Amino acid sequence: MIAVAAILLSDLFAVVMLFGVYSLLTAALFMDLDAVDVAFTEAAVGAGVTTVLMLSSLHLTGRWEALPRRKPLLGLLVIGITGAALVYAVLDAPLLGDPTAPVHQHVTPRYIEQGAEEVGMPNLVTAVLASYRGYDTFGETVVIFTAGLAVLLLLGIHEDARMRPGVSAIGDQVVLRSVVKPLLPLILLFGLYVQFHGDFGAGGGFQAGVIFATAFVLYDLVFGDGSARAVVPSGWLHRLAALGVLIYGGVGVYSLLAGKAFLDYSALAADPVHGQHLGVLLVELGVGIAVFSVVLLIFYAFSGRSRRR
Amino acid sequence: MLTAAIVAILVTMFLALIRTFIGPTEYDRMLAANSFGTKTVLLIALGGHALSWNSFLDVALLYALVNFVGTIAVMRFFEYSNASEKRDDPGTAA
Amino acid sequence: MTVILEWLSGLCLLLGGALCISGGVGLLRMPDFFSRVHASGVTETLAAPLLLSGLLLQMELSLDSVKVIMIMILVLATNPTATHAMAKATLHGGQHPLESANGKDRGGDGSSKP
């Protein structure tokens, strides 16, 4: 229902708000399906960062949806065929939680039964993400890094001469500033908690990176344009993003040099489980740093431009 | 009693959603979206306890934060085009 | 002792739920943006700690209770701030509060009455 309304409204501002609401409902649905880490990431990214970025791009492009110049019949045909094919494929899929489904047969029992001893951490999601499927997560981190690279190539980070770091766009906001100022270190502390608690509860590198970036975005929104840029210059962010990916890849290369397979964590310490712990810690650190710097970079790129009249 | 509170929160969320759809000005929509977000935090906290979800309080804490940042972002990007670009002086004293 | 705690928790949850609904109804039925902001802001900021303390009394004392207290503090700190900031931004954007009961404004640019 929310999706239909989002399509029908032409006021893009309202559409962004509706997207935030939609992503929130999806997060609640994920929680109901017992997928807490995914819900966490969905709430952080979908309702938080995406709303801010979409609003800053709306600020650049204008608020009302332009009327289409011709009827997009070809697009409708393509979507209709693809949608029908997807629905047909889903009809054949096994039901949720069906124990005889192929996805539950091959590797999953091993993950579930032996994950806790082999990797040594209670949170199975982090164990699968960082250790069993470490290659995939490495690919994801490189994708995030590439996205940041693409934004840099396309938009660039402009230091707008009209920006005044001390002046906030929403005017003289004593209440807002005095409330947000003590809140910021608490947000950073929460980000650190989520980063390192990912072994036991929900959390991990992706969520923690987004939370860190949210703290800086909040600082930038409340204390004036460019104030976050004064604290974390964009030159640092380029290097931090690369550093995140390098840490992840570096762990893999180290285990190669130690004589085992790429990203085999047992090469990191004498006791294999200890090596797994160390490996997951370093890898999540790399992911967190990469996500934080890329999200903040994209925010700088979007918010630094003013509307060209 | 917990279920009664959860039902009350769900009803309020639905009312706030109606206001998001019909609010005549953008400010109404912004207010209703913020209200929806706060109610969602309460829903996750109460519902998570009732349904015994795993680590639900972390999600609730995160969403309370995200809701606040989203509201501030809406104001900043919505008011900026009206206010700050017309100003010539450095603005009122901070 | 546990009976008292259960009764107290039930009372808090009931009050919090009733306040929530009254805030939602106020959001829909109030004629003007500023009255809506007042209705929803005040009731929400009171309903959230009530509901959360009702939850707190039902849980055992553990790390979870500390987290509930943290959520309560966060909502208590950020909700009034967001309400204040929204009302200030709306005033800055040119909306005026409704002046008289029969819908006529005193003659400003426009009220936010639908």
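Q: Is Arg36(C) buried or exposed?
A: In this predicted model, the relative accessible area of Arg36(C) is 1%. A residue counts as buried when that value is under 20%. Arg36(C) is therefore classed as buried.

Q: With which residue does Arg36(C) form a salt bridge?
A: Side chains of opposite charge can pair when their charged atoms come close. For Arg36(C), the closest N and O atoms of the pair are 2.2 Å apart. The pair crosses between chains, starting from helix α2 (residues 33-58) of chain C and ending in helix α2 of chain B. The partner there has a relative accessible area of 1% and is buried; this partner is Asp28(B).

Q: Which residue of chain C meets Lys39(B) in a salt bridge?
A: The N to O distance of this pair is 3.5 Å, and the rule accepts a distance within 4 Å. Lys39(B) lies in helix α2 of chain B, and its partner lies in helix α2 of chain C. Lys39(B) is buried, with a relative accessible area of 2%, and the partner is buried at 3%. The residue of chain C is Glu44(C).

Q: Which residue forms a salt bridge with Asp58(B)?
A: The closest N and O atoms of the pair are 3.0 Å apart. The pair runs from helix α3 of chain B to helix α3 of chain C. Asp58(B) is buried at a relative accessible area of 2%, while the partner is buried at 9%. That partner is Lys67(C).

Q: How many salt bridges does the rule find across the interface of chain B and chain C?
A: A search of the whole structure, over all chains, finds three salt bridges. Across the interface of chain B and chain C, the number found is three.

Q: What is the area buried between chain B and chain C?
A: The contact takes 38 residues from chain B and 41 residues from chain C. Tyr27(B), Leu31(B) and Leu57(B) supply 17% of the area that chain B buries against chain C, more than any other three residues. Carbon and sulfur atoms give 79% of the total buried area, which is about 3,600 Å².

Q: What distance separates the end C-alpha atoms of helix α3 of chain C?
A: This helix has 30 residues, residues 63-92. At 1.5 Å a residue, the helix should span 44 Å. The distance between its end C-alpha atoms agrees with that expectation, being 43 Å.

Key:
Residues are numbered from 1 along each chain as its sequence is written. Chains are lettered from A and ligands numbered from 1 in the order in which they are written. This is a predicted model: local features need pLDDT of at least 70, side-chain atom pairs count only at pLDDT 80 or more; totals for chains, interfaces and linings use all residues. Side-chain values use heavy atoms; hydrogens and water are left out. Contact means heavy atoms within 4.5 Å. Buried area is the accessible area (1.4 Å probe) that two parts lose on being put together, summed over both. A salt bridge is a side-chain nitrogen of Lys or Arg within 4 Å of a carboxyl oxygen of Asp or Glu. Helices (H or I, at least four residues) and strands (E, at least two) are DSSP runs, numbered from the N terminus. The expected span of a helix is 1.5 Å times one less than its number of residues. Buried means under 20% relative accessible area, exposed over 50%, partly exposed in between (1.4 Å probe, protein chains only).
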